Amino acid sequence: MLSRLSYVPVTKIIILLSDLNHNTQYNTCRLNPKYNNNTASKPEKWLYGGARMTTLYLITGATGHVGTVLVRELLRRGGKVRALVLPGDEKNLPAGVEYTEGDITKPETMKGFFSRKARTEDTGFDRLILIHCAAIITVATATDPRIYQTNVTGTENVMRLARQNNVDRIICLSSVHAIPEKPKGEVITEVASFSPEKVDGQYAKTKAEAANIVLGYARQGLNVSIVHPSGVIGPGDLLMKNHMIRVLRDMASGRIPVAVQGGYDFVDSRDVAAGILACAEKGRAGECYILSGHYITVPELLNQVRRICGKKERKFVVPYRMAMAATPFAEWFAHLFGRRAPVMTPYSVRTLHSNGHFSCEKARRELGYHPRDPEETIRDSLQYIDAHAGGR
């Protein structure tokens, strides 16, 4: 931990925060050889509940960060996958994935998605397992009606159609942001109901409302469970939409040269995918499971990134109040010049200053969930960014 805060002029912070996403070519870093690990894990057998039956996995949000990793893990295990994608997004799917064009906000477009019949075979599938990952994640201050339409109305549509089509098992991907924060010093655990008015930000409020909808269907007999990942990092964000992946990219490239005071719990995308699949096999209907990783302060995260990239550590830390004073101007500056919203906004800085300590003990106990070491996650994230980010 850093023992003292070094002063950084607020005007400099505004410039840094607003300019993080300017369209430039990113040369993230060349990894130190000792951090370079390209060993692949061995394939493992995958049987649902130990039973020999033909299973089709229905995935919404299959081209998002978690969805991408989940689809690839299912294919590695020999699973059959059908993805629901928006028109044009199929190009981002790996080979071997069947897809249906559709939109979760428009239920009439999803009818073919729930079919038990295989597209390339005459036989059908015995079991349908739906994993609902589709959502819009935002750290922006401005309210966007699409977020409610997707995260709440879209989830209602998916659950209703799953019940109508007798889907056998459902996992809904939520977020720890849907869970009300406890006072600092207390560890946050799962809850049995959700209160949108008790959480901060449009994204969190919509995920809380969606979780209540899902639990309502569980009480009606739907075989559905909810998983709550913490801040997702790790490889697999092909489209570079995850704001924390963009933070890591900018830390590695030097565009974020200082850290903001605070921290949060970050989890590997691969561990989230493994937790989802374990929940599909072992999770109890109507239950929620936190899939957290490890708490890391922002200064620790920045310096770990810089060490992996062979750069000198930084001691400058932007105090919380100074960052909060600068971020509204950063958002305004980005909007004025037509840039993507900055990675540091009032909401994201408040989140880093909040209680970010979560317990995944329930998932460990019931699902066999085990998050990996955060250094491995950060290293592999940087390797993936270096290979795929390009000019984004």
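The paragraphs below walk through a few features of this predicted model, from a pair of packed helices to a salt bridge and a patch on the surface.

A good place to begin is where helix H5, residues 243-253, packs with helix H11, residues 374-388, their axes lying 10 Å apart and meeting at an angle of about 80°. Because angles of 65 to 115 degrees count as roughly perpendicular, H5 is described as roughly perpendicular to H11. On the H5 side the contact is made by Ile-245, Leu-248, Arg-249 and Ala-252, while H11 contributes Ser-381, Leu-382 and Ile-385. Sorted by class, this contact of H5 with H11 has 5 nonpolar, 1 polar and 1 charged residues.

Charged side chains bring us to another part of the chain. Side chains of opposite charge can pair when their charged atoms come close. In helix H2, which covers residues 65-76, Glu-73 and Arg-76 lie 3 residues apart, or about one turn of the helix, and their side chains meet in a salt bridge with an N to O distance of 2.8 Å. The count of salt bridges comes to 18.

On the surface, Trp-332, Leu-336 and Phe-337 form a nonpolar patch that together has about 370 Å² of accessible area. Of these residues, Leu-336 is found in helix H8, residues 320-336.

Note on methods: Residues numbered from 1 in each chain as written. Predicted model: local features only at pLDDT ≥ 70, side-chain atom pairs only at ≥ 80, totals over all residues. Heavy atoms only, no water. Patch = residues over 30% accessible without salt bridge, like charges linked within 9 Å, V, L, I, M, F, W, Y side chains within 5 Å. Areas by Shrake-Rupley, 256 points an atom, 1.4 Å probe, with all protein chains shown as cover. Salt bridge = Lys/Arg side-chain N within 4 Å of Asp/Glu carboxyl O. Helix = DSSP H or I, 4+ residues; strand = E, 2+ residues; numbered from the N terminus. Axes fitted to C-alpha atoms, helices over the stretch in contact; angles between N-to-C directions. Parallel < 35°, antiparallel > 145°, perpendicular 65-115°, else oblique. Contact = heavy atoms within 4.5 Å. Nonpolar A, V, L, I, M, F, W, Y, C, P; charged D, E, K, R; others polar.
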